[in-house]
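Please open the model in your viewer and keep the sequence panel beside it. The stops below suggest what to select next and say what can be found there.

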Amino acid sequence: MAAAPASPAAAAPRVGLLYDERMCAHATPDGEDHPENPERLRAIWRKLNAEGVTSRCVVLKAKEAEDKYVASVHSKNHVKLMKEISSKKYDSSRNKIARKYNSIYFNKGSSESAVLAAGSVIEVAEKVAAGELSSAIALVRPPGHHAEHDEAMGFCLFNNVAVAANYLLNESPDLGIKKILIVDWDVHHGNGTQKMFYNDPRVLFFSVHRFDYGSFYPAEGDASHCFIGEEAGKGYNINVPWEHAKCGDADYIAAWDHVLLPVTEAFDPDIILVSAGFDAGHVYSYCSLVLKFYFDICFPWLALGDPLGGCCITPNGYALLLTKLLGFAKGRIVMALEGGYNLRSIANSVYACAKVLLGDKFTFSSPEMHPFESSWRVIQAVRNELKTYWPVLSSKLPENVSLRIRPSPSELYAFSDSESDTEDVDELSGAVSSVNIIQVADDAISEHLSKMKLDEVNLAVKIASSCSTAEQHPTDSVQVDKDASVGLSKRISDLSLTWRSDLSRTHVWYASFGSNMWKPRFLCYIQGGKAEGMSIPCCGSRDTSSPRGTMWKTVPHRLEQFNDILFQENRLVLEDGKDGNVVYPDSPLIGSSEMEFISTNKAIHLEPIKDSWYSNVLYLGDEDELPILTMTCPSSDIERLKYGELPLAPPSKTYAATLIKGLVEGEQLDADGAANYINAAATRGL
């Protein structure tokens with residue numbers, strides 16, 4: 001009996017791999033070091049070649065993008081400038097023009113590289129869409145996802161993925177591409193891509209990134225989960241914004257399983273474009289330490305977030321994320337290189353992804369497979385925001401999931417001996433130009449204090465008429481610090497007061513200090529919730545939006561929020577022992593009339609809380625035509641400390657822990673240095 005014929009083996013995937021040395025011509029004009037450099041591509045190519053991957057792929061050369069295709073997402077003026085910036089016409093002005101942008105450099109090879117990068121992603125996307133390739137990897141630079149319609153930024157000149165997506169949708173209808181999923185897993189938000197398709201329901205844009213409450217590059221509020229698209233595109237823009245560093249495989253897998261994959265199944269894309277940045281790597285290097293030292297010395301006051309990516313995805317983690325996407329769009333996936341600045345890390349990660357596309361099996365293992373509590377909370381917030389548009393997100397998240405707590409300060413700033421992904425010094429210093437920053441040394445603060453004459457004789461007193469007294473509200477008032485009384489009549493559920501509405505429209509800056517230096521605690525004051533070290537929860541301001549920018553440390557930008565900080569720091573928010581409700585003052589400490597006085601007299605003493613912790617409010621000048629305020633202790637305390645009547649003592653363990661977290665996360669000191677600083681300060685006289 002003849003043997004049955006063997007079943008034909010499944011055809012090996014035809015994976016495209018595009019690499020072109022011409023894109024290495026884009027480099028810094030004077031050869032100075034820069035993370036976004038030509039060696040990024042070369043290191044990946046060497047790794048893939050050494051591992052035999054290149055011989056298994058369909059290797060392609062770059063192809064220049066036609067102007068009309070680039071101009072489909074960029075302005076004509078922007079296209080013209082980027083194409084001509086490398087010409088002799090701009091030899092004398094090239095560097096000056098670069099400085100006008102956020103984190104951009106140009107040289108004589110920039111124009112060609114940018115056009116090749118955009119054209120290369122079009123090239124591979126077209127071949128995958130047509131079925132000539134099953135999937136593809138485009139090793140391109142400069143990267144693209146930060147580039148906006150009329151602006152280069154964040155190392156990006158043209159938005160390569162956006163150009164390719166528009167080409168597939170609008171320029172080649174014969175390819176049959178009606179719906180595109182763009183997945184941006186770069187550690188930074190894909191701000192440019194988001195804006196280009198914000199009202200287009202044909203493009204589902206998904207970005208998972210470090211956000212740090214809006215302080216991580218590109219430091220724009222539209223990276224929040226609340227930005228979900230507009231008009232016909234509402235619901236088609238998905239941001240998963242991590243609150244801190246150290247998010248790793250488990251966090252990203254959770255975002256895939258509970259947000260991206262269910263929505264992708266409902267959306268049913270025809271092709272998937274991946275903005276494949278690999279700067280969320282999990283190890284640090286000596287180079288990172290050098291960058292950290294540079295920032296410690298040059299920008300010790302800067303609180304924009306760590307200049308490193310700081311997340312912890314392993315190469316196998318990236319491979320698993322990619323594997324989960326292969327079940328959609330018939331496996332038609334195009335990966336376009338974005339960020340990732342450590343040569344070994346980026347090469348290993350691209351290699352792991354290439355093996356997935358080639359069909360190789362791999363074993364996934366991760367030392368820590370529990371997502372952070374904060375990541376779980378972010379995922380839930382994203383689902384709540386989008387469930388109206390994607391009913392599949394309406395179900396409850398699994399319960400009894402083992403979660404990790406937020407990483408400790410020592411974890412956040414731990415360094416290993418391995419190499420790492422690093423972000424450029426220029427990137428962070430460039431970001432500084434878009435936020436408000438004031439550097440004030442200790443001696444400058446002392447000068448302010450001495451000039452403002454904080455004794456009560458020389459300061460106007462805030463009359464209690466703007467606050468409710470015990471006589472006015474005998475049943476609701478609560479005594480605060482000796483005889484000073486402030487009316488406390490509003491529960492945590494009832495904050496719709498007229499003054500809140502009025503003061504939420506008045507902008508100020510707050511020069512923060514002390515416990516407010518630790519961002520999670522600070523944000524509780526204005527957004528609600530309870531951070532470590534707090535005895536009772538905060539209700540949050542009427543306007544709970546995140547701070548607009550950075551000045552010294554994180555700052556609110558509404559006078560309402562500044563009042564909430566005054567309430568909290570002066571222990572005016574109390575818990576009603578009878579029913580457990582939280583009771584808030586029913587009137588502000590700083591209102592419009594107080595602002596008029598303080599702008600003229602530079603300081604004000606809050607008589608209703610004269611014996612509280614911080615009863616003096618100081619005016620430190622203006623920034624962007626907005627007043628800068630801070631709060632200090634009563635002047636009597638300063639005098640008593642000077643003459644030894646009030647003994648110096650270290651803060652309580654709880655308060656010290658909060659201070660240390662703020663100092664560490666603000667890159668002021670490491671944990672040990674902060675503890676030593678606090679202890680030493682408690683032994684010194686003023």
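## The whole chain

In this predicted model, the chain has 22 helices and 19 strands. With the whole chain in view, buried residues make up 58% of its 686 residues. Among the contacts between residues at least 6 apart in sequence, 76% join residues at least 24 apart.

Next, colour the chain by confidence: the mean pLDDT is 78, and 74% of the residues reach 70 or more. Select residues 1-8, where pLDDT stays under 50 and where the model has zero contacts beyond four places in sequence. Then select residues 413-496, where pLDDT also stays under 50, although for this stretch the model has 221 contacts beyond four places in sequence.

## Two packed helices

Select helix H10 (residues 315-325) together with helix H11 (residues 343-357), which pack at an angle of about 35° with their axes 8 Å apart. The crossing in which H10 passes H11 is right-handed. Which residues of H10 and H11 meet? On the H10 side they are Pro315, Tyr318, Ala319, Leu322 and Thr323, and on the H11 side they are Asn348, Ser349, Ala352, Cys353, Val356 and Leu357. Sorted by class, this contact of H10 with H11 has eight nonpolar residues, three polar ones and no charged ones.

Keep Leu357 displayed and add Ser135, which is found in strand S3 (residues 135-138). Leaving out residues up to four places away in sequence, Ser135 touches Leu357 as well as Arg14, Val15, Gly16, Val128, Gly331 and Ile333. With a relative accessible area of 3%, Ser135 is buried.

## Aromatic rings

Now show the aromatic side chains, for which the count comes to 14 aromatic pairs. Start with Trp185 and Trp256, whose ring centres are 6.4 Å apart and whose planes stand at 35°, so this pair is tilted. The pair links distant parts of the chain, with Trp185 in the loop between strand S4 (180-184) and helix H7 (191-196) and Trp256 in helix H8 (residues 249-267), 71 residues apart. Are these two residues buried or exposed? Trp185 counts as buried, at 0% relative accessibility, and Trp256 counts as buried, at 0% relative accessibility.

Go on to Tyr236 and Trp390, an aromatic pair that is edge-to-face, with 5.4 Å from centre to centre and 75° between the planes. Tyr236 lies in the loop between strand S5 (203-210) and strand S6 (237-242), and Trp390 in the loop between helix H12 (373-386) and helix H13 (409-412), so the pair ties together parts that are 154 residues apart in sequence. Tyr236 counts as partly exposed at 23% relative accessibility, whereas Trp390, at 7%, counts as buried.

To finish this stop, select Trp185, Phe206, Trp256, Phe278 and Tyr318, which form one aromatic cluster. Tyr318 has already appeared on this tour, as one of the H10 residues that meet H11.

## Around Phe158

Select Phe158, whose place is in the loop between S3 and helix H6 (160-171). Phe158 counts as buried, at 1% relative accessibility. Its contacts, leaving aside neighbours within four places in sequence, include Val70, His74, His78, Met82, Ala114, Val115 and Pro143. If you draw a distance from C-alpha to C-alpha between Phe158 and Ala117, it is 8.1 Å, while the two residues are 41 apart in sequence.

Then move to Glu123 in helix H5 (residues 110-129). Glu123 counts as buried, at 14% relative accessibility, and, not counting residues up to four places away in sequence, Glu123 touches Leu18 and Lys63.

## Backbone details

Most residues other than glycine have a negative phi, and most peptide bonds are trans. What kind of peptide bond joins Arg141 and Pro142? The bond is cis, with omega about 0°, and Pro142 is found in the loop between S3 and H6. The peptide bond from Tyr217 to Pro218 is cis too, with omega near 10°, and Pro218 lies in the loop between S5 and S6.

For the last two selections, begin with Ala329, which has a positive phi of about 55° although it is not a glycine. Ala329 sits in the loop between H10 and strand S8 (333-337) and is buried, with a relative accessible area of 8%. Lys602, also a residue other than glycine, has a positive phi near 70°. Lys602 has its place in the loop between helix H19 (592-601) and strand S17 (603-605), and at 36% relative accessibility Lys602 counts as partly exposed.

Technical notes. Residues are numbered from 1 along each chain as its sequence is written. This is a predicted model: local features need pLDDT of at least 70, side-chain atom pairs count only at pLDDT 80 or more; totals for chains, interfaces and linings use all residues. Side-chain values use heavy atoms; hydrogens and water are left out. Axes are lines fitted to C-alpha atoms, for helices over the stretch in contact, and angles run from 0 to 180 degrees between N-to-C directions. Helices (H or I, at least four residues) and strands (E, at least two) are DSSP runs, numbered from the N terminus. A crossing is left-handed if the near helix is turned anticlockwise from the far one by less than a right angle, and right-handed if clockwise. Contact means heavy atoms within 4.5 Å. Ala, Val, Leu, Ile, Met, Phe, Trp, Tyr, Cys and Pro count as nonpolar, Asp, Glu, Lys and Arg as charged, and the others, Gly among them, as polar. pLDDT is the predictor's confidence in each residue, from 0 to 100. Rings of Phe, Tyr and Trp (its six-membered ring) pair if their centres lie within 6.5 Å; planes under 30 degrees apart count as stacked, over 60 as edge-to-face and the rest as tilted. Buried means under 20% relative accessible area, exposed over 50%, partly exposed in between (1.4 Å probe, protein chains only).
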